[in-house]
Amino acid sequence: MKMNIKYLLATATILAGACTDLEVSETDSIIISSEGVFEGVDAAGTLTAAYNNMAQSSQENLYALSVATTDELFIPTRGTDWGDNGVWRTLATHGWAPSHQFVLNTWNFLNSNVYRTNQIIHPATTKTPLQEAEAKFIRAYNMFWIFDLWRQIPFRDADEGPEVDPVVLTGQEAFDFMVADLEAAITNLPTVLAGEIDKQAKASKASARFMLAKLYLNKHAFLGGSPQGADMDKVIAAVDAIEADGYQLQNGFFGIFAPSADSETIMWANAQYASRIWGGLHYNQGRDTDWPFGGWNGFATTAEFYSKFEGPPASNVEGGPQEERRGYVPNDALGIGFLIGQQYGPTGAVLARSGDPLVFTNNIESLTGQPDYTGVRILKYHPTINMGGTWNNHLMLMRWADALLMKAEALFNKGSSGPALTLVNDLRDIRGVADFVSLDADKLLDERGRELYIEGWRRNDLVRFGKFNETYGFVANTDPTRSLFPIPDVALSSNPNLVQNPGY
């Protein structure tokens with residue numbers, strides 16, 4: 001596969017050596033005095049760069065580590081296409097090593113984003129209280145992912161030179177640091193109400209509270225032990241405060257991902273979702289006759305994940321009995337949701353491949369040697385809905401359904417299964433599926449999967465529920481140490497404060 005097509009994050013933003021020395025290139029407008037003293041950065045410009053780097057818009061790196069390591073997505077090698085030196089296959093089998101390119105890239109990228117926000121927050125930078133609050137929110141957001149993936153956060157202040165080894169935040173200290181950033185940010189961040197789409201690409205009280213809820217919900221997974229009632233109360237309080245800003249469930253599942261106002265979006269990124277559209281579509285599938293090129297024929301879902309949705313196992317036709325979130329395949333256009341069976345062109349033509357009908361099947365038995373038609377494909381962002389003849393930069397980062405499910409999980413963890421069941425059924429009602437009679441942990445996890453697929457949370461959810469290292473899909477290594485990724489070798493060699501994670 002021609003990787004240059006698929007890298008949507010500018011490589012210039014991934015700083016060479018950032019994983020180790022956390023240095024930033026001259027393009028970040030660092031002001032250095034003649035004596036070599038840090039004198040600040042342009043707050044507005046650096047903040048814009050920090051926002052631009054929040055999104056998981058690339059199909060590689062953070063997004064790949066978050067979803068292509070799970071039952072939600074995998075990428076088989078089709079002929080020689082998507083071989084890519086095995087980087088995708090090792091994710092699917094949990095066979096990655098410290099040298100894995102996506103592990104290194106993600107480490108570099110997230111840590112450089114933290115350092116960029118450190119420059120804004122440093123006293124030498126002239127900034128407004130709002131700009132500092134935004135920087136603290138973005139810093140906590142990036143730290144969350146570093147902590148989630150590695151449990152170690154190297155930290156260098158903006159005025160520390162390369163001769164200083166970054167300290168490493170771990171455990172409770174790291175957790176408290178992120179909480180403090182978010183709580184401080186909430187004070188000066190604006191209140192952005194549901195539907196205020198033009199304001200939702202930047203930090204708000206609601207987005208900061210969303211990340212607070214994520215932290216406290218994951219605290220026991222991050223630090224060890226079991227969910228504590230006081231932490232679950234923090235989750236509930238954060239979600240209730242978001243709800244007070246008018247956020248609520250919305251009818252029309254796939255319309256939530258269109259670049260238009262809705263009641264669910266809490267924060268979106270000014271970043272492309274092209275890889276979410278084209279990554280799984282076949283080469284012969286395009287938007288319409290004005291946009292004739294097709295997809296990259298890579299990403300597919302596992303049979304196990306597809307089976308979690310209500311509906312016939314072998315078909316997903318328009319008007320069928322499947323649940324709304326599974327989508328449908330019409331006989332006169334490109335489908336939406338999970339694409340299985342015969343595929344059609346924009347004018348109703350039966351699409352073909354090498355002279356045979358293009359029929360997606362659900363029976364991939366190997367990660368190698370696959371023909372170009374195997375695997376159910378996922379299309380949550382639809383070309384016709386999400387692209388008005390051009391790329392729209394509107395990638396979902398946080399939304400209300402996730403917050404609602406976090407509250408339900410917190411209630412369940414506190415032993416309040418009745419109220420938790422009510423919240424989950426509220427979501428199922430608006431999505432057109434039958435109510436649960438009772439609730440358990442597996443149902444909660446599966447409901448998160450059905451609602452939030454390809455939004456980047458699957459690995460985090462599986463780890464929290466203790467399911468990440470179970471057998472599913474093509475997982476070959478069920479060692480529990482695989483719940484964390486390895487610290488890249490280059491980072492270990494240059495910062496003695498880092499310690500390799502167990503199992504590597």
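Q: What makes the passing of H14 and H15 in this predicted model a left-handed crossing?
A: H14 passes H15 in a left-handed crossing, and the term applies because the near helix is turned anticlockwise from the far one by less than a right angle.

Q: Why is H14 called roughly parallel to H15?
A: Helix H14 (residues 417-430) and helix H15 (residues 441-452) pack at an angle of about 30°, their axes being 12 Å apart. Because angles under 35 degrees count as roughly parallel, H14 is roughly parallel to H15. On the H14 side, Val424, Leu427 and Arg428 make the contact, and on the H15 side Leu444, Glu447, Arg450 and Glu451 do so. By class, the residues of this contact of H14 with H15 are three nonpolar, no polar and four charged.

Q: How do you know that H2 is roughly antiparallel to H5?
A: The axes of helix H2 (residues 43-52) and helix H5 (residues 101-121) cross at roughly 155° and come within 10 Å. Since angles over 145 degrees count as roughly antiparallel, H2 is roughly antiparallel to H5. The contact joins Ala43, Thr46, Leu47, Ala49 and Ala50 of H2 to Arg116, Thr117, Gln119 and Ile120 of H5. Sorted by class, the contact of H2 with H5 has five nonpolar, three polar and one charged residues.

Q: What makes Trp88 and Phe137 stand out in the largest nonpolar core?
A: This core has 140 residues, and Trp88, Phe137, Trp150, Phe210, Met398 and Tyr453 are those with the most contacts inside it. Helix H6 (residues 129-150) gives the most to this core, contributing 13 residues. When its neighbours within four places in sequence are left aside, Phe137 is in contact with residues including Met54, Leu182, Leu189, Met211, Met267 and Met398. A second, separate core of five residues includes Phe74, Ala92, Ile364 and Leu367.

Q: Why is Ser315 called partly exposed?
A: Ser315 has a relative accessible area of 28%, and because buried means under 20% and exposed over 50%, with partly exposed in between, Ser315 is partly exposed. Ser315 is found in the loop between helix H11 (303-306) and strand S4 (327-328).

Q: How do you know which residues Ser315 touches, not counting those up to four places away in sequence?
A: Contact means heavy atoms within 4.5 Å, and Ser315 touches Tyr306, Arg326 and Ile340 once residues up to four places away in sequence are not counted. Ser315 and Gln101, by contrast, are 37 Å apart in space, C-alpha to C-alpha, and 214 residues apart in sequence.

Conventions. Residues numbered from 1 in each chain as written. Predicted model: local features only at pLDDT ≥ 70, side-chain atom pairs only at ≥ 80, totals over all residues. Heavy atoms only, no water. Axes fitted to C-alpha atoms, helices over the stretch in contact; angles between N-to-C directions. Helix = DSSP H or I, 4+ residues; strand = E, 2+ residues; numbered from the N terminus. Parallel < 35°, antiparallel > 145°, perpendicular 65-115°, else oblique. Nonpolar A, V, L, I, M, F, W, Y, C, P; charged D, E, K, R; others polar. Core = buried A, V, L, I, M, F, W, Y, C linked by side-chain atoms within 4.5 Å. Buried < 20%, exposed > 50% of the residue type's maximum accessible area, 1.4 Å probe, protein only.
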